[in-house]
Amino acid sequence: MKLLIVEDEVKLNKGLVTVLQGKGFAVDSALDGEEGERLARWNAYDVVVLDIMLPKRNGLEVCRNLREAGKTMPILMLTARDAVEDKVEGLDGGADDYLAKPFATQELVARIRSLLRRPPLASHDIFTWDDLTLDTRTQKVTIKDKELTLTLREYGLLEYLIRNKGTVLTRDDLLEHVWDRNHDTLSNVVDVHIKNLRNKLPKSYASHIETVRGKGYRLI
Ligand code: CA
């Protein structure tokens with residue numbers, strides 16, 4: 001799942017990116033409203049975290065512009081404490097949730113997860129596939145209670161495949177949702193990670209990750 005953080009306080013921005021990456025998300029970030037809007041228009045983010053007070057373009061305007069442009073991804077606004085008017089205006093402008101500063105990072109992570117649970121995205125935290133269980137809260141994958149050791153990218157690929165079971169996912173789909181903008185540009189990066197993921201899964205599971213010739217991959 002890929003997130004965008006738009007926050008001009010450099011320290012907070014970097015801290016959030018680090019924590020969220022550690023939770024298994026691919027994370028891009030912007031330090032002003034203009035850059036944030038540009039990124040959100042051109043990339044497929046699963047959630048955007050948007051501060052209100054931003055240089056160049058404020059968060060409320062960015063949120064309105066994105067909705068007017070037909071972008072439907074969940075948007076979580078960050079507001080100064082007690083700025084009730086901001087909250088009302090933010091929700092009117094198309095934000096899905098808001099969080100008052102200062103906040104505990106755990107709270108932000110919980111809100112992001114809750115936004116990811118809303119339709120059309122999958123509606124729960126734990127996915128099962130035969131004896132395999134994938135817990136999106138802990139990023140743990142177990143098969144019959146035995147934990148599988150996956151890298152963050154392998155985990156991200158598996159989660160995205162499971163969430164989209166039955167759908168053909170192109171390499172671009174996977175790059176957009178599992179990698180952040182700073183990924184290595186090797187054209188076969190997705191194939192390499194799929195291969196590694198298949199190697200770590202028992203054969204009966206690996207064989208269900210189908211290569212769709214000329215298109216991409218599908219979990220069947
Ligand atoms: Ca700010």
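## Polar contacts across the interface

Let's start where the two halves meet. In this predicted model, five residue pairs make polar contact across the interface of domain 1 and domain 2, with both partners at pLDDT 80 or more. Salt bridges are another story: the count between domain 1 and domain 2 is zero.

## Who does the touching on domain 1

On the side of domain 1 that touches domain 2, four elements chip in at least two residues each: helix H1 (10-22), strand S2 (26-30), helix H2 (33-42) and helix H5 (105-116). Strand S2 gives the most, with four residues.

What about the chemistry of that side? Sorted by class, the residues of domain 1 that touch domain 2 come out as six charged, five nonpolar and four polar. So much for the charged ones pairing up across the gap: as noted, there are zero salt bridges between the domains.

## How much area gets buried

Putting domain 1 and domain 2 together buries about 1100 Å², and carbon and sulfur atoms account for 41% of that area. On the domain 1 side, look at Lys2, Ala44 and Arg113: this trio supplies 33% of the area that domain 1 buries against domain 2, more than any other three residues.

In terms of residues, 15 from domain 1 are in contact with 13 from domain 2.

## The overall layout

Stepping back, domain 1 covers residues 2-116 and domain 2 covers 126-219. Taken over C-alpha atoms, the centres of the two domains sit 27 Å apart.

Definitions and conventions: Residues are numbered from 1 along each chain as its sequence is written. This is a predicted model: local features need pLDDT of at least 70, side-chain atom pairs count only at pLDDT 80 or more; totals for chains, interfaces and linings use all residues. Side-chain values use heavy atoms; hydrogens and water are left out. Domain bounds come from an automatic or database domain assignment. Contact means heavy atoms within 4.5 Å. Buried area is the accessible area (1.4 Å probe) that two parts lose on being put together, summed over both. A salt bridge is a side-chain nitrogen of Lys or Arg within 4 Å of a carboxyl oxygen of Asp or Glu. A polar contact is a pair of N or O atoms within 3.5 Å; within protein, one must be able to donate a hydrogen and the other to accept it, and residues adjacent in sequence count only if both atoms are side-chain atoms. Ala, Val, Leu, Ile, Met, Phe, Trp, Tyr, Cys and Pro count as nonpolar, Asp, Glu, Lys and Arg as charged, and the others, Gly among them, as polar.
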